[in-house]
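User: I am new to this structure and would like a close look at a single part of it. Could you walk me through the metal site and the strand that feeds into it?

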Amino acid sequence: MQKLEDGIHHFQANYFASNRELFEQLAVAGQHPETLFITCCDSRVVPTLITNAAPGELFIVRNVGNIVPSVARGVLGGVSAAIEYAVEVLGVGNIIVCGHTHCGAIDAILHPDRVAHLPFVSRWLAESHAIPEIIAQRYGHLEGDALVVAAIQENVLVQLENLRTFDVVTRRLEDGRLKMNGWVYRIESGEVFDFDPLSGQFLKLVPHEGEGDRPALSRRISDVTELLRK
Ligand code: ZN
């Protein structure tokens, strides 16, 4: 706990002091985030760090397994409320679902017996009940880490599908006001892989030539989209 308190003092003396105007502006003008970022609770995944995003840029939803409950299943919860608010009220232009390697939730989805003694975790992860079936059907030839990575990727894709069960999301996807991306963050290398619908593969996001140190997240996303169109 002392470490966290020391961290607050460090933040105030350094980052905040250097960016005081940004914080004052955010307080006055309110938030206008470009992106709804849905990811896992895992402490090793730090959205603002891996995207180099500033305060006010990411509207972040975190839960065990970066799951988006399908509207069709009738689950009412904080995730659905955050999605509705981010899209309808804040008008975000991007939604990213970001899974990650070594995800304990995916391990539990593949082996539900390991969390059978955890009623809340079990019920929550049941939202991704399709994953074991998809894995059995399409990835029977894989084993070990490769199988788990496939499950991590498929879990991201299922959540993108579930996002389309929200009317507000489909409306804005259709009229071009919203884009969605599925990412997988690789903890051990810091790399991020973006789903490419054309090839059906997760492709590594690589630096764009001529970019400065801190490209805007939305620009990077549109770059990827443009790349896919070529
Ligand atoms: Zn996780």
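Analyst: Happy to help; here is a walk from the metal site along its strand and into the cores. Please keep in mind that this is a predicted model.

Let's start at the zinc ion. Its protein donors are the SG atoms of Cys40 and Cys103 together with NE2 of His100, at 2.0 to 2.3 Å from the metal. Along the chain, these donors follow the spacing C-x59-H-x2-C. Cys40 belongs to strand β1 (residues 35-40), while Cys103 sits in the loop between β3 (94-100) and α5 (104-110), so the two cysteines tie together parts that are 63 residues apart in sequence. Both Cys40 and Cys103 are buried.

Now step back along the strand to Phe37. The ring centres of Phe37 and Trp183 are 6.0 Å apart and the planes meet at 80 degrees, so this pair is edge-to-face. Because Phe37 lies in strand β1 and Trp183 in strand β4 (residues 179-186), the pair links parts that are 146 residues apart in sequence. Phe37 and Trp183 are both buried.

Finally, the cores. The largest nonpolar core has 45 residues, and Leu36, Ile38 and Val87 are among those with the most contacts inside it. Helix α8 (residues 144-163) contributes the most to this core, with 8 residues. Phe37, in contrast, is part of a second, separate core of 9 residues, which also includes Val45, Ala53 and Ile96. As for Val87, leaving aside neighbours within four places in sequence, its contacts include Val92, Ile95, Val169 and Leu178.

Key: Residues are numbered from 1 along each chain as its sequence is written. This is a predicted model: local features need pLDDT of at least 70, side-chain atom pairs count only at pLDDT 80 or more; totals for chains, interfaces and linings use all residues. Side-chain values use heavy atoms; hydrogens and water are left out. A nonpolar core is a set of buried Ala, Val, Leu, Ile, Met, Phe, Trp, Tyr and Cys residues joined through side-chain atoms within 4.5 Å. Buried means under 20% relative accessible area, exposed over 50%, partly exposed in between (1.4 Å probe, protein chains only). Helices (H or I, at least four residues) and strands (E, at least two) are DSSP runs, numbered from the N terminus. Contact means heavy atoms within 4.5 Å. Donors are N, O and S atoms within 2.8 Å of the metal (3.2 Å for Na, K and Ca); water is not among the atoms, so sites may look incomplete. Rings of Phe, Tyr and Trp (its six-membered ring) pair if their centres lie within 6.5 Å; planes under 30 degrees apart count as stacked, over 60 as edge-to-face and the rest as tilted.
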